[in-house]
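I opened a fresh page for this one. My plan is to look up the empty spaces, then the cysteines, then the charged pairs, and write down what turns up.

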Amino acid sequence: MSIFKARVKEFEDVLAAPQDLIDLKQLRRLAFNGVPDVQSFRALTWKLLLGYLGPRRSSWTTTLAQKRALYKQFIVELVLPPGHSINGDGADGGDGDKADSRGVGLQDHPLSEGPESRWNTFFNDNEFLLQIDKDVRRLCPDISFFQQPTEYPCEIVVHSKGEHGRRLHERVVPTVLSSANVERKGLGMTKINLITKRSVENYAAMEEGQEAHWEVVQRILFIYAKLNPGQGYVQGMNEIVGPIYYVMASDPDQSFRAHAEADCFFCFTALMSEIRDFFIKTLDDAEGGIKFMMARLSNMLKSKDLNIYELLKSQELHPQYYSFRWLTLLLSQEFPLPDVLRIWDSVFADEQRFEFLIKICCSMILIQRETILENDFASNVKLLQNYPPIDINVVITHAGSLA
(Lines give C-alpha, C1' and ligand atoms only; values in the text may rest on other atoms or scores of the structure.)
Protein backbone atom coordinates (compact mmCIF):
# COMPACT_ATOMS: atom_id res chain seq x y z
CA MET A 1 0.00 0.00 0.00
CA SER A 2 1.36 3.42 -0.96
CA ILE A 3 1.95 6.09 1.66
CA PHE A 4 -0.86 8.18 0.16
CA LYS A 5 -3.37 5.31 0.23
CA ALA A 6 -2.35 4.53 3.79
CA ARG A 7 -3.04 8.13 4.81
CA VAL A 8 -6.41 8.08 3.04
CA LYS A 9 -7.33 4.93 4.97
CA GLU A 10 -6.33 6.61 8.24
CA PHE A 11 -8.74 9.47 7.56
CA GLU A 12 -11.46 7.02 6.52
CA ASP A 13 -10.98 5.15 9.78
CA VAL A 14 -11.55 8.36 11.75
CA LEU A 15 -14.19 10.14 9.68
CA ALA A 16 -16.18 7.19 8.34
CA ALA A 17 -15.85 4.85 11.31
CA PRO A 18 -19.09 3.23 12.56
CA GLN A 19 -18.82 4.71 16.06
CA ASP A 20 -20.78 7.88 16.77
CA LEU A 21 -18.00 9.82 18.49
CA ILE A 22 -15.21 11.22 16.31
CA ASP A 23 -11.74 10.92 17.85
CA LEU A 24 -10.76 14.61 17.57
CA LYS A 25 -7.30 14.02 19.03
CA GLN A 26 -6.53 11.48 16.33
CA LEU A 27 -8.07 13.73 13.66
CA ARG A 28 -5.85 16.63 14.76
CA ARG A 29 -2.80 14.40 14.59
CA LEU A 30 -3.66 13.32 11.06
CA ALA A 31 -4.69 16.76 9.81
CA PHE A 32 -1.54 18.34 11.19
CA ASN A 33 0.40 16.39 8.56
CA GLY A 34 -1.96 17.47 5.79
CA VAL A 35 -5.44 16.38 4.71
CA PRO A 36 -5.54 14.27 1.50
CA ASP A 37 -7.25 16.19 -1.28
CA VAL A 38 -9.82 13.45 -1.90
CA GLN A 39 -13.46 12.80 -1.00
CA SER A 40 -14.85 15.33 1.51
CA PHE A 41 -11.94 14.94 3.90
CA ARG A 42 -10.73 18.52 4.06
CA ALA A 43 -14.16 20.17 4.17
CA LEU A 44 -15.37 17.83 6.92
CA THR A 45 -12.10 18.03 8.85
CA TRP A 46 -12.15 21.83 8.87
CA LYS A 47 -15.80 21.86 10.00
CA LEU A 48 -14.81 19.68 12.94
CA LEU A 49 -11.56 21.45 13.82
CA LEU A 50 -13.21 24.88 13.69
CA GLY A 51 -16.06 23.67 15.90
CA TYR A 52 -18.87 24.13 13.37
CA LEU A 53 -19.72 20.45 13.80
CA GLY A 54 -19.51 18.66 17.12
CA PRO A 55 -17.66 15.35 17.55
CA ARG A 56 -20.90 13.32 17.74
CA ARG A 57 -21.89 12.26 14.25
CA SER A 58 -25.52 11.83 15.34
CA SER A 59 -25.77 15.59 15.95
CA TRP A 60 -24.63 16.66 12.49
CA THR A 61 -27.96 16.43 10.64
CA THR A 62 -29.74 18.63 13.19
CA THR A 63 -26.86 21.10 13.48
CA LEU A 64 -26.54 21.54 9.73
CA ALA A 65 -30.30 21.93 9.20
CA GLN A 66 -30.58 24.54 11.96
CA LYS A 67 -27.52 26.54 10.89
CA ARG A 68 -28.46 26.53 7.22
CA ALA A 69 -32.01 27.66 8.00
CA LEU A 70 -30.60 30.43 10.21
CA TYR A 71 -28.30 31.59 7.41
CA LYS A 72 -31.21 31.78 4.97
CA GLN A 73 -32.99 33.94 7.54
CA PHE A 74 -29.93 36.22 7.65
CA ILE A 75 -30.15 36.65 3.87
CA VAL A 76 -33.85 37.55 4.04
CA GLU A 77 -33.42 40.01 6.91
CA LEU A 78 -30.04 41.54 6.14
CA VAL A 79 -29.47 41.31 2.38
CA LEU A 80 -32.82 41.76 0.69
CA PRO A 81 -33.93 45.41 0.38
CA PRO A 82 -36.51 46.78 2.85
CA GLY A 83 -40.09 46.10 1.81
CA HIS A 84 -38.93 43.29 -0.45
CA SER A 85 -41.09 40.38 -1.41
CA ILE A 86 -39.58 36.93 -1.18
CA ASN A 87 -40.86 36.04 -4.64
CA GLY A 88 -39.95 39.39 -6.17
CA ASP A 89 -43.55 39.78 -7.39
CA GLY A 90 -45.27 41.44 -4.47
CA ALA A 91 -46.14 38.20 -2.72
CA ASP A 92 -44.57 36.64 0.31
CA GLY A 93 -44.87 33.12 -0.94
CA GLY A 94 -48.42 32.70 0.27
CA ASP A 95 -51.49 34.83 -0.48
CA GLY A 96 -50.82 36.97 -3.53
CA ASP A 97 -52.47 40.03 -1.96
CA LYS A 98 -50.65 39.72 1.34
CA ALA A 99 -47.91 42.27 2.09
CA ASP A 100 -44.40 41.10 2.98
CA SER A 101 -43.73 40.75 6.70
CA ARG A 102 -41.19 43.56 6.32
CA GLY A 103 -43.60 45.76 4.37
CA VAL A 104 -42.89 49.47 4.04
CA GLY A 105 -44.29 51.70 6.78
CA LEU A 106 -43.79 55.45 7.10
CA GLN A 107 -40.35 55.07 8.66
CA ASP A 108 -39.42 52.61 5.92
CA HIS A 109 -40.03 54.98 3.05
CA PRO A 110 -36.87 55.28 0.88
CA LEU A 111 -36.76 59.06 1.47
CA SER A 112 -36.97 58.73 5.25
CA GLU A 113 -33.78 59.84 7.02
CA GLY A 114 -34.79 58.81 10.54
CA PRO A 115 -32.32 56.70 12.51
CA GLU A 116 -34.88 53.88 12.69
CA SER A 117 -35.40 53.86 8.94
CA ARG A 118 -34.46 50.56 7.37
CA TRP A 119 -33.76 52.43 4.16
CA ASN A 120 -31.35 54.72 6.00
CA THR A 121 -29.50 51.63 7.16
CA PHE A 122 -29.70 50.20 3.66
CA PHE A 123 -27.94 53.25 2.17
CA ASN A 124 -25.38 53.49 4.99
CA ASP A 125 -24.40 49.87 4.37
CA ASN A 126 -22.94 50.95 1.05
CA GLU A 127 -19.97 52.55 2.77
CA PHE A 128 -18.45 49.19 3.74
CA LEU A 129 -20.13 47.30 0.91
CA LEU A 130 -18.06 49.33 -1.56
CA GLN A 131 -14.88 48.07 0.08
CA ILE A 132 -16.11 44.46 0.15
CA ASP A 133 -17.03 44.74 -3.52
CA LYS A 134 -13.56 45.93 -4.45
CA ASP A 135 -11.86 43.20 -2.44
CA VAL A 136 -13.86 40.17 -3.56
CA ARG A 137 -13.64 41.09 -7.24
CA ARG A 138 -9.91 40.29 -7.21
CA LEU A 139 -9.86 37.34 -4.83
CA CYS A 140 -7.26 34.65 -5.63
CA PRO A 141 -6.53 35.94 -9.16
CA ASP A 142 -4.06 33.11 -9.80
CA ILE A 143 -7.02 30.75 -10.28
CA SER A 144 -10.26 31.26 -12.21
CA PHE A 145 -12.49 29.65 -9.58
CA PHE A 146 -13.99 32.80 -8.06
CA GLN A 147 -14.91 34.19 -11.48
CA GLN A 148 -16.86 31.03 -12.36
CA PRO A 149 -20.61 30.62 -11.78
CA THR A 150 -21.69 28.65 -8.74
CA GLU A 151 -23.85 25.60 -9.33
CA TYR A 152 -26.05 26.68 -6.45
CA PRO A 153 -26.94 30.39 -6.71
CA CYS A 154 -29.10 31.90 -3.98
CA GLU A 155 -32.51 31.77 -5.63
CA ILE A 156 -34.13 34.61 -3.65
CA VAL A 157 -31.25 36.87 -4.67
CA VAL A 158 -30.49 36.04 -8.29
CA HIS A 159 -34.13 36.06 -9.43
CA SER A 160 -34.81 39.71 -8.68
CA LYS A 161 -37.57 40.15 -11.28
CA GLY A 162 -36.57 43.75 -11.72
CA GLU A 163 -36.20 44.58 -8.01
CA HIS A 164 -32.93 46.51 -7.67
CA GLY A 165 -30.55 45.87 -4.79
CA ARG A 166 -31.03 42.17 -4.10
CA ARG A 167 -27.63 41.53 -5.61
CA LEU A 168 -25.15 43.42 -3.49
CA HIS A 169 -22.88 44.49 -6.34
CA GLU A 170 -25.81 46.41 -7.87
CA ARG A 171 -25.72 48.84 -4.95
CA VAL A 172 -22.20 50.08 -5.59
CA VAL A 173 -20.19 51.48 -8.45
CA PRO A 174 -16.93 49.49 -8.40
CA THR A 175 -13.63 51.34 -8.57
CA VAL A 176 -10.14 49.91 -8.78
CA LEU A 177 -7.81 49.77 -5.78
CA SER A 178 -4.11 49.87 -6.52
CA SER A 179 -3.28 48.17 -3.23
CA ALA A 180 -5.08 46.53 -0.35
CA ASN A 181 -5.09 48.08 3.07
CA VAL A 182 -6.26 46.62 6.30
CA GLU A 183 -8.51 49.12 8.00
CA ARG A 184 -8.55 48.19 11.63
CA LYS A 185 -11.21 49.46 13.97
CA GLY A 186 -10.43 50.75 17.40
CA LEU A 187 -10.88 54.15 18.95
CA GLY A 188 -10.23 55.45 15.48
CA MET A 189 -9.17 54.08 12.12
CA THR A 190 -5.68 53.04 11.18
CA LYS A 191 -4.66 52.13 7.67
CA ILE A 192 -1.70 49.85 7.31
CA ASN A 193 -0.59 49.23 3.76
CA LEU A 194 -0.07 45.56 3.13
CA ILE A 195 1.72 46.19 -0.15
CA THR A 196 -0.44 43.50 -1.67
CA LYS A 197 0.59 41.41 -4.64
CA ARG A 198 -3.00 40.91 -5.75
CA SER A 199 -4.22 41.81 -9.20
CA VAL A 200 -6.30 44.96 -9.64
CA GLU A 201 -8.37 43.39 -12.40
CA ASN A 202 -12.02 43.28 -11.38
CA TYR A 203 -14.20 40.23 -11.91
CA ALA A 204 -17.46 40.64 -13.79
CA ALA A 205 -20.89 39.90 -12.34
CA MET A 206 -23.19 37.21 -13.76
CA GLU A 207 -26.47 37.65 -15.56
CA GLU A 208 -29.92 37.31 -13.96
CA GLY A 209 -30.41 33.82 -12.53
CA GLN A 210 -26.69 33.17 -12.05
CA GLU A 211 -23.97 34.37 -9.71
CA ALA A 212 -20.21 33.93 -9.56
CA HIS A 213 -18.44 32.50 -6.55
CA TRP A 214 -17.06 35.96 -5.70
CA GLU A 215 -20.63 37.25 -5.40
CA VAL A 216 -21.38 34.51 -2.84
CA VAL A 217 -18.27 35.48 -0.86
CA GLN A 218 -19.39 39.11 -1.01
CA ARG A 219 -22.70 38.15 0.59
CA ILE A 220 -20.96 36.15 3.35
CA LEU A 221 -18.74 39.11 4.25
CA PHE A 222 -21.64 41.54 4.12
CA ILE A 223 -23.75 39.44 6.50
CA TYR A 224 -20.78 38.98 8.84
CA ALA A 225 -20.24 42.75 8.94
CA LYS A 226 -23.93 43.38 9.61
CA LEU A 227 -23.97 40.88 12.48
CA ASN A 228 -20.74 42.28 13.97
CA PRO A 229 -21.23 46.07 13.86
CA GLY A 230 -18.56 46.71 16.48
CA GLN A 231 -15.99 45.28 14.12
CA GLY A 232 -17.66 45.56 10.76
CA TYR A 233 -15.76 44.65 7.62
CA VAL A 234 -11.99 45.02 7.66
CA GLN A 235 -9.91 44.65 4.53
CA GLY A 236 -8.12 41.35 4.64
CA MET A 237 -11.14 39.37 5.80
CA ASN A 238 -11.70 38.52 2.15
CA GLU A 239 -8.37 36.67 2.18
CA ILE A 240 -9.49 34.68 5.22
CA VAL A 241 -12.91 33.67 3.90
CA GLY A 242 -11.66 32.85 0.37
CA PRO A 243 -9.83 29.57 1.11
CA ILE A 244 -12.63 28.36 3.41
CA TYR A 245 -15.26 29.00 0.75
CA TYR A 246 -13.10 27.34 -1.91
CA VAL A 247 -12.86 24.18 0.18
CA MET A 248 -16.59 24.07 0.93
CA ALA A 249 -17.65 24.87 -2.65
CA SER A 250 -15.23 22.25 -4.06
CA ASP A 251 -16.56 19.44 -1.86
CA PRO A 252 -17.08 16.42 -4.14
CA ASP A 253 -20.20 15.51 -2.14
CA GLN A 254 -23.03 17.38 -3.83
CA SER A 255 -25.22 17.34 -0.71
CA PHE A 256 -22.55 19.38 1.11
CA ARG A 257 -21.47 21.50 -1.86
CA ALA A 258 -25.05 22.75 -2.27
CA HIS A 259 -24.76 24.42 1.15
CA ALA A 260 -21.23 25.77 0.76
CA GLU A 261 -22.31 29.36 1.42
CA ALA A 262 -23.96 28.72 4.79
CA ASP A 263 -21.31 26.24 5.95
CA CYS A 264 -18.53 28.64 4.94
CA PHE A 265 -20.20 31.50 6.82
CA PHE A 266 -20.26 29.61 10.11
CA CYS A 267 -16.71 28.22 9.69
CA PHE A 268 -15.48 31.74 8.85
CA THR A 269 -17.31 33.16 11.87
CA ALA A 270 -15.74 30.51 14.11
CA LEU A 271 -12.25 31.30 12.80
CA MET A 272 -12.81 35.06 13.09
CA SER A 273 -13.79 34.61 16.74
CA GLU A 274 -10.22 33.40 17.27
CA ILE A 275 -8.38 35.99 15.18
CA ARG A 276 -10.68 39.03 15.43
CA ASP A 277 -8.20 40.68 17.82
CA PHE A 278 -5.75 40.87 14.89
CA PHE A 279 -8.15 43.29 13.19
CA ILE A 280 -8.96 45.53 16.16
CA LYS A 281 -6.39 48.23 16.83
CA THR A 282 -7.25 48.75 20.50
CA LEU A 283 -6.43 45.08 21.16
CA ASP A 284 -2.99 45.16 19.51
CA ASP A 285 -1.19 44.76 22.82
CA ALA A 286 -3.58 42.16 24.22
CA GLU A 287 -2.43 38.54 24.41
CA GLY A 288 -4.29 37.75 21.22
CA GLY A 289 -3.40 41.04 19.52
CA ILE A 290 -1.17 41.39 16.50
CA LYS A 291 1.68 43.22 18.30
CA PHE A 292 1.86 40.41 20.82
CA MET A 293 1.97 37.85 17.98
CA MET A 294 4.72 39.75 16.14
CA ALA A 295 6.72 39.96 19.39
CA ARG A 296 6.42 36.19 19.82
CA LEU A 297 7.75 35.69 16.30
CA SER A 298 10.59 38.14 16.92
CA ASN A 299 11.54 36.39 20.18
CA MET A 300 11.49 33.00 18.49
CA LEU A 301 13.74 34.29 15.70
CA LYS A 302 16.12 35.74 18.29
CA SER A 303 16.37 32.39 20.09
CA LYS A 304 16.87 30.39 16.87
CA ASP A 305 19.27 32.64 14.96
CA LEU A 306 20.70 35.66 16.75
CA ASN A 307 22.68 36.75 13.67
CA ILE A 308 19.58 37.20 11.51
CA TYR A 309 17.71 38.84 14.37
CA GLU A 310 20.51 41.35 14.95
CA LEU A 311 20.91 42.06 11.22
CA LEU A 312 17.22 42.81 10.71
CA LYS A 313 17.29 44.95 13.85
CA SER A 314 20.36 46.89 12.65
CA GLN A 315 18.68 47.44 9.27
CA GLU A 316 15.59 48.68 11.14
CA LEU A 317 13.56 46.14 9.24
CA HIS A 318 10.80 45.92 11.82
CA PRO A 319 8.50 42.87 11.99
CA GLN A 320 5.45 44.92 11.00
CA TYR A 321 6.99 45.44 7.56
CA TYR A 322 6.39 41.80 6.72
CA SER A 323 4.97 39.71 9.58
CA PHE A 324 1.92 41.92 10.11
CA ARG A 325 0.49 40.60 6.86
CA TRP A 326 1.83 37.08 7.39
CA LEU A 327 0.12 36.70 10.76
CA THR A 328 -3.03 38.75 10.22
CA LEU A 329 -3.95 36.95 7.00
CA LEU A 330 -2.62 33.51 8.11
CA LEU A 331 -0.12 33.51 5.20
CA SER A 332 -2.96 33.52 2.66
CA GLN A 333 -1.21 36.12 0.47
CA GLU A 334 2.27 34.62 0.59
CA PHE A 335 1.66 31.30 -1.17
CA PRO A 336 -0.52 29.80 -3.92
CA LEU A 337 -3.94 28.61 -2.76
CA PRO A 338 -3.10 24.86 -2.63
CA ASP A 339 -0.17 25.69 -0.34
CA VAL A 340 -2.38 27.89 1.83
CA LEU A 341 -4.82 24.99 2.26
CA ARG A 342 -1.95 22.75 3.33
CA ILE A 343 -0.71 25.35 5.84
CA TRP A 344 -4.21 25.79 7.25
CA ASP A 345 -4.57 22.02 7.76
CA SER A 346 -1.72 22.27 10.26
CA VAL A 347 -2.82 25.60 11.76
CA PHE A 348 -6.39 24.39 12.40
CA ALA A 349 -5.12 21.09 13.79
CA ASP A 350 -2.80 22.86 16.24
CA GLU A 351 -4.52 22.83 19.64
CA GLN A 352 -2.49 25.91 20.54
CA ARG A 353 -3.73 27.12 17.16
CA PHE A 354 -1.28 29.90 16.31
CA GLU A 355 1.86 28.52 17.88
CA PHE A 356 2.60 26.57 14.72
CA LEU A 357 1.73 29.58 12.52
CA ILE A 358 4.49 31.50 14.30
CA LYS A 359 6.88 28.59 13.72
CA ILE A 360 6.07 28.59 10.00
CA CYS A 361 6.76 32.33 9.83
CA CYS A 362 10.03 31.88 11.69
CA SER A 363 11.05 29.07 9.33
CA MET A 364 10.31 31.27 6.32
CA ILE A 365 12.98 33.66 7.59
CA LEU A 366 15.48 30.98 8.63
CA ILE A 367 15.25 29.19 5.28
CA GLN A 368 16.33 32.42 3.56
CA ARG A 369 19.19 32.89 6.05
CA GLU A 370 22.10 33.16 3.61
CA THR A 371 20.30 35.56 1.30
CA ILE A 372 19.11 37.76 4.17
CA LEU A 373 22.62 38.03 5.63
CA GLU A 374 23.97 39.21 2.27
CA ASN A 375 21.13 41.63 1.46
CA ASP A 376 20.75 45.29 2.28
CA PHE A 377 17.56 46.74 3.78
CA ALA A 378 15.74 47.29 0.47
CA SER A 379 16.52 43.78 -0.81
CA ASN A 380 15.39 42.17 2.43
CA VAL A 381 12.14 44.12 2.47
CA LYS A 382 11.46 42.96 -1.06
CA LEU A 383 12.38 39.36 -0.19
CA LEU A 384 10.12 39.16 2.86
CA GLN A 385 7.20 41.02 1.30
CA ASN A 386 7.37 38.93 -1.87
CA TYR A 387 8.41 35.55 -0.56
CA PRO A 388 10.10 33.46 -3.29
CA PRO A 389 8.47 30.28 -4.62
CA ILE A 390 9.28 27.23 -2.51
CA ASP A 391 8.03 23.71 -1.85
CA ILE A 392 5.63 24.32 1.03
CA ASN A 393 6.47 20.94 2.55
CA VAL A 394 10.04 22.16 3.06
CA VAL A 395 8.76 25.09 5.11
CA ILE A 396 6.31 22.98 7.12
CA THR A 397 8.90 20.29 7.83
CA HIS A 398 11.36 22.97 8.96
CA ALA A 399 8.71 24.52 11.20
CA GLY A 400 7.95 21.12 12.70
CA SER A 401 11.61 20.78 13.70
CA LEU A 402 11.56 23.99 15.77
CA ALA A 403 11.26 23.21 19.46
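**Entry 1: enclosed space**

I started with the second largest cavity, which holds about 40 Å³ of space. Before going on, I noted that this is a predicted model. The cavity count for 30 Å³ or more comes to two.

Which residues line the second largest cavity? I wrote down Val157, Arg166, Arg167, Leu168, His169, Glu211, Glu215, Gln218 and Arg219. Helix H8 contributes the most here, with three residues. Sorted by class, I get five charged, two polar and two nonpolar residues in that lining.

**Entry 2: the largest pocket**

Next I went to the open spaces. The largest pocket has a volume of about 460 Å³. It has 22 lining residues, and Tyr152, Pro153, Cys154, Ala258 and Glu261 are the closest to its centre. I then asked which elements give two or more residues to this lining. They are helix H4 (60-79), helix H7 (155-158), helix H8 (213-227), helix H9 (237-249) and helix H11 (260-275). H4 has the largest share, at four residues. By class I noted 13 nonpolar, six charged and three polar residues in the lining of the largest pocket.

**Entry 3: the second largest pocket**

The second largest pocket comes out at about 230 Å³. Its lining has 17 residues, and Asp37, Arg42, Tyr246, Val247 and Ser250 lie nearest the centre. Helix H3 (41-49), H9 and helix H15 (337-349) each give at least two residues to it. The class split for this pocket is eleven nonpolar, three polar and three charged. I underlined Arg42, one of the residues nearest the centre, to look up again under salt bridges.

**Entry 4: cysteines**

How many disulfides does the structure hold? I found zero. Cys361 is in no disulfide, and the nearest cysteine sulfur to it, in Cys362, is 8.7 Å away. A disulfide needs the two sulfur atoms within 2.5 Å, so at 8.7 Å the sulfur of Cys362 is too far from that of Cys361 for a bond.

Are these two cysteines buried or exposed? Cys361 is buried, at 0% relative accessible area. Cys362 is buried as well, with 0% relative accessibility.

**Entry 5: salt bridges**

My salt bridge count is 20. I picked three to look at.

The first pair I took was Asp13 and Lys9, whose side chains meet at 3.2 Å, N to O. Both sit in helix H1 (residues 3-15), four residues apart, which is about one turn of the helix. I added a reminder on helices: there are 3.6 residues a turn in an α-helix, so residues three or four places apart point the same way. Asp13 is partly exposed at 42%, and Lys9 is partly exposed at 40%.

Then I came back to Arg42. Asp345 forms a salt bridge with Arg42, with the closest N and O atoms 2.7 Å apart. This pair links distant parts of the chain, with Asp345 in helix H15 and Arg42 in helix H3, 303 residues apart. Asp345 is buried, at 0% relative accessible area. Arg42 counts as buried too, at 9%.

My third pair was Lys226 and Asp125, in a salt bridge at 3.0 Å, N to O. Here again distant parts of the chain are linked: Lys226 is in helix H8, while Asp125 is in the loop between helix H5 (118-124) and helix H6 (126-136), 101 residues away. Lys226 is partly exposed at 22%, whereas Asp125 is buried at 7%.

I also noted a network: salt bridges with shared partners join Asp37, Arg42 and Asp345. Two of those names, Asp37 and Arg42, were already on my page, among the residues nearest the centre of the second largest pocket.

**Entry 6: helix H18**

Last, I checked which residues are buried in helix H18 (residues 377-385). The buried ones are Asn380, Val381, Leu383, Leu384 and Gln385. What covers them? I found that the cover includes helix H13 (306-314), helix H14 (323-328), helix H16 (355-367) and helix H17 (369-374).

Note on methods:
Residues numbered from 1 in each chain as written. Predicted model: local features only at pLDDT ≥ 70, side-chain atom pairs only at ≥ 80, totals over all residues. Heavy atoms only, no water. 1 Å grid on protein atoms, 1.4 Å probe; cavity = no way out; pocket = protein on both sides within 12 Å on 5 of 7 lines; lining within 4 Å. Points joined across faces, edges and corners; volume = space filled by probe spheres on them. Nonpolar A, V, L, I, M, F, W, Y, C, P; charged D, E, K, R; others polar. Buried < 20%, exposed > 50% of the residue type's maximum accessible area, 1.4 Å probe, protein only. Salt bridge = Lys/Arg side-chain N within 4 Å of Asp/Glu carboxyl O. Contact = heavy atoms within 4.5 Å.
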